[in-house]
Amino acid sequence: MSPRSDHLVRTESPRSADGVAVPGPSGSAADDRLAFWARQAGRLHWDTGWSEVLDWSDAPFARWFGGGRLNVAYNCVDRHVESGHGDQVAFHFEGEPGDTRTITYAELQREVCRTANALLALGLETGDRVAIQLPMIPEAVFAMLACARLGLPHSVVFGGFSPAALRSRVEDAEARLLITSDGQYRRGRAEPMKANTDEATAATPCVEHVLVVRRTGMEVPWTDGRDLWWHELVGNQSDRHTPESFDAEHPLFVLYTSGTTGRPKGILHTSGGYLTQAAYTHNTVFDLDPDSDVYWCTADIGWITGHSYIVYGPLANRTTSVLYEGTPNTPHEGRHFEIVERYGVSVYYTAPTLVRTFMKWGEDVPARHDLSSIRVLGSVGEPINPEAWRWYREHIGGGRAPVVDTWWQTETGAVMIAPLPDVPAAKPGSARTPLPGISAKVVDHEGREVAKGESGYLVIDQPWPSMLRGVWGDDERFRETYWSRFPTQGYYFAGDGARYDEDGDIWLLGRVDDVMNVSGHRISTAEVESALVSHQAVAEAAVVGASDATTGQAIVAFVILRGAAADAAADGADVVPALREHVGQEIGPIAKPRQIMIVPELPKTRSGKIMRRLLRDVAENREVGDVTTLADASVMERINAGLGGGSPQTG
């Protein structure tokens, strides 16, 4: 495909023949997939048009929009200011202590330019890596966009990660600069950050400078000549900077997958294809109107969801977003709903874990707030069980807002499977079908597509623009991890189990290692968890498989009870038999858990992800692994003590 001038302009967003909202000129994604993606890329500004949409000759290493050149930060900021939208709010920032800041696109442009000039003043050159470990504050966005503006691949590290985890990521990327803060607010307290980064960088000679944002005002250790205050360096820079364009395949960021053991695995994403799909999916999945919507993704910038759906996708679409620093129950359990009401949030995108936490707190909490502005709800991070889906729609969405359950990964870069908001007959718990332009299948162990009603492995059988371009510094690991399971077919193996229902829609079953084999029956942990949570006594559940001499694997469940049921259990009532019978009725006798442990909390990271590998350690009577990323490490001690002591609430 040769360059055309219309690649360089943003086009209107008509409806396709099948009613699906498709940005760009009309046409079916199924008829010509590459032409479809060319139309999506045409929504961006390209300084140089591409000569080829996709080069797959060196599979599995893709090249999208070959020959095209663009600047990601210009697409996210400058072009909106130049088109007359400088006064539009880019972010409503809400700090955990209650401080607020309104950042327009014009102000965002000035801050990004100042930050970019500061990085240049430190001697950074195109291609140098920058590590960023910051709380959810505006400077995190400024830093990411400044790196993108200068062609400096960034490696954002979640603020709750330990010094050891930060060090391994800094070393692997060989970052020349680390950007951090003096501290961060968590649950009403100011906790240190700079001290932890000092520990991480004590033996990392690649780091030449540490740029420190003053957030909490706490005292911090300081190394003269290396450490620099953000407000002193960035604050004194010019707010003008002319961006240059970079090749579409220029590295944009490296993001390390959570739960990495041993040497970290850095997922590499590049510029043109990533931004194309992040912008397209954000616009399409949420039916976004940049002139009227207020959008809030509650993820952390340290995860891929924060990259794609807090920073790059929303800003490319000229979105007004909410950026919240803190935890959902500080200073009270209605904090999220208070924020929704204050800013008139219309699109709310969060994780099933948080939805189930809201369920545990009770429907009266959201009921105290006006949530009528919400028109679309999103779910991300893991399959959402039907009970949580229904509660989410009823009590957060007022019984009218559609729930879009999105499936994707760090490796995919952007949403791959999701129902669209205007598609009727929603199926609670199903991600439904691949988005237009995406091709995915459920296959058996030999790579053959399974029939309707059957389960198998989820694969992606055609390349997509935002796909990972490799594992940083390890091409063989990239091939082995993602492409070796089905080498003949050339499928990308997502690592997730899935099934088709009788309509051919996709239901995610969780990671393949979260599919248990009980007496030859493959049972998904997600199915059992969903069955448990559908019981009126259960607020949240996590299920793992444990070795069993008779059945091969047995099901072990960890359950948090709702208020009244928890009170009854505390008075000696045994709810476990009822829960086991309920699972048997919902799924079948083979799915009854061997053991159910009633627990006050589940082991979760600071971002809310349940650490099932730690529960597997407990169920297998192994020494519990690293708990440094947990929000509350003592949870594992209580769970382990309960199991070892033969708690009466097991069975």
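These legends go with a set of close-up views of a predicted model.

**View 1. The seven-stranded sheet, edge to edge.** Here we look at an open sheet whose seven strands run in the order β5-β4-β17-β16-β18-β19-β20, with mixed pairing. The edges are taken by β5 (100–104) and β20 (403–405), and because each has a single partner strand, one side of each goes without a neighbour in the sheet. Going from strand to neighbouring strand, the average turn is 20°, direction ignored.

**View 2. The β20 end of that sheet, with a helix on it.** Zooming in, strand β19 (residues 376–379) pairs with β20 in the parallel sense, over three bridges. If you want a landmark for the pairing, take G378, whose bridge partner in β20 is V404. Helix α13 (residues 386–396) packs on the sheet here and touches β18 (347–350), β19 and β20. The direction of α13 makes about 150° with that of β19.

**View 3. Helix α2 against helix α3.** The axes of α2 and α3 (residues 105–121) come within 9 Å and cross at roughly 140°. That angle makes α2 oblique to α3, since only angles over 145 degrees would count as roughly antiparallel. As for handedness, α2 passes α3 in a left-handed crossing. On the α2 side, the contact is made by C76, V77, D78, H80, V81 and H85. Helix α3 brings Y105, A106, L108 and Q109 to that contact.

**View 4. D78, up close.** One of the α2 residues from the previous view gets its own panel: D78, found in helix α2 (residues 72–85). Its relative accessible area is 3%, so D78 is buried; the cut-off for that is under 20%. The side chains of D78 and Q109 are joined by a polar contact of 2.9 Å. Leaving out neighbours within four places in sequence, D78 is in contact with A73, Q109 and R149. Of these, Q109 is among the α3 residues that meet α2, while R149 turns up again in the next view as part of the α3–α4 packing.

**View 5. The other partner of helix α3.** Helix α3 also packs with helix α4 (residues 138–150), at an angle of about 65° and with the axes 8 Å apart. This time the crossing is right-handed. Helix α3 puts in L108, E111, V112, C113, T115, A116, L119 and L120. Facing them in α4 are V141, F142, A143, L145, A146, C147, R149 and L150. Look out for L108, which is listed both here and in the contact with α2.

**View 6. Helix α10 and the residue after it.** This is a short stop at helix α10 (residues 335–343), whose buried residues are R335, H336, F337, I339, V340 and Y343. Right after α10 comes G344, with a positive phi near 65°.

**View 7. The four-stranded sheet.** Now for an open sheet with the order β21-β22-β23-β24 and antiparallel pairing. Its edge strands are β21 (440–443) and β24 (506–511), each pairing on one side only. Neighbouring strands are turned by 40° against each other on average, again with direction ignored. At the β21 end, four bridges join β21 to strand β22 (residues 455–460), and the two run antiparallel. To find your way along this pair, start from K441, whose bridge partner in β22 is V459.

**View 8. H445, in the loop between β21 and β22.** The loop linking these two strands holds H445. Not counting residues up to four places away in sequence, H445 touches Y457, R485 and F486. H445 and F486 are 41 residues apart along the chain, and their C-alpha atoms are separated by 8.6 Å.

**View 9. The β27–β28 hairpin and the loop leading in.** Strands β27 and β28 form a hairpin with three residues between them. Strand β28 (residues 552–561) pairs with β27 in the antiparallel sense, over ten bridges. One such pairing matches V538 with L561 in β28. Strand β27 (residues 538–548) is mostly covered, with ten of its eleven residues buried. Q536, found in the loop between α15 (525–533) and β27, counts as exposed because its relative accessibility is 71%. From C-alpha to C-alpha, Q536 is 13 Å from R356, and the two are 180 residues apart in sequence.

Definitions and conventions:
Residues are numbered from 1 along each chain as its sequence is written. This is a predicted model: local features need pLDDT of at least 70, side-chain atom pairs count only at pLDDT 80 or more; totals for chains, interfaces and linings use all residues. Side-chain values use heavy atoms; hydrogens and water are left out. Buried means under 20% relative accessible area, exposed over 50%, partly exposed in between (1.4 Å probe, protein chains only). Two strands pair if DSSP finds at least two bridges between them. A polar contact is a pair of N or O atoms within 3.5 Å; within protein, one must be able to donate a hydrogen and the other to accept it, and residues adjacent in sequence count only if both atoms are side-chain atoms. Contact means heavy atoms within 4.5 Å. Axes are lines fitted to C-alpha atoms, for helices over the stretch in contact, and angles run from 0 to 180 degrees between N-to-C directions. Angles under 35 degrees count as roughly parallel, over 145 as roughly antiparallel, 65 to 115 as roughly perpendicular and the rest as oblique. A crossing is left-handed if the near helix is turned anticlockwise from the far one by less than a right angle, and right-handed if clockwise.
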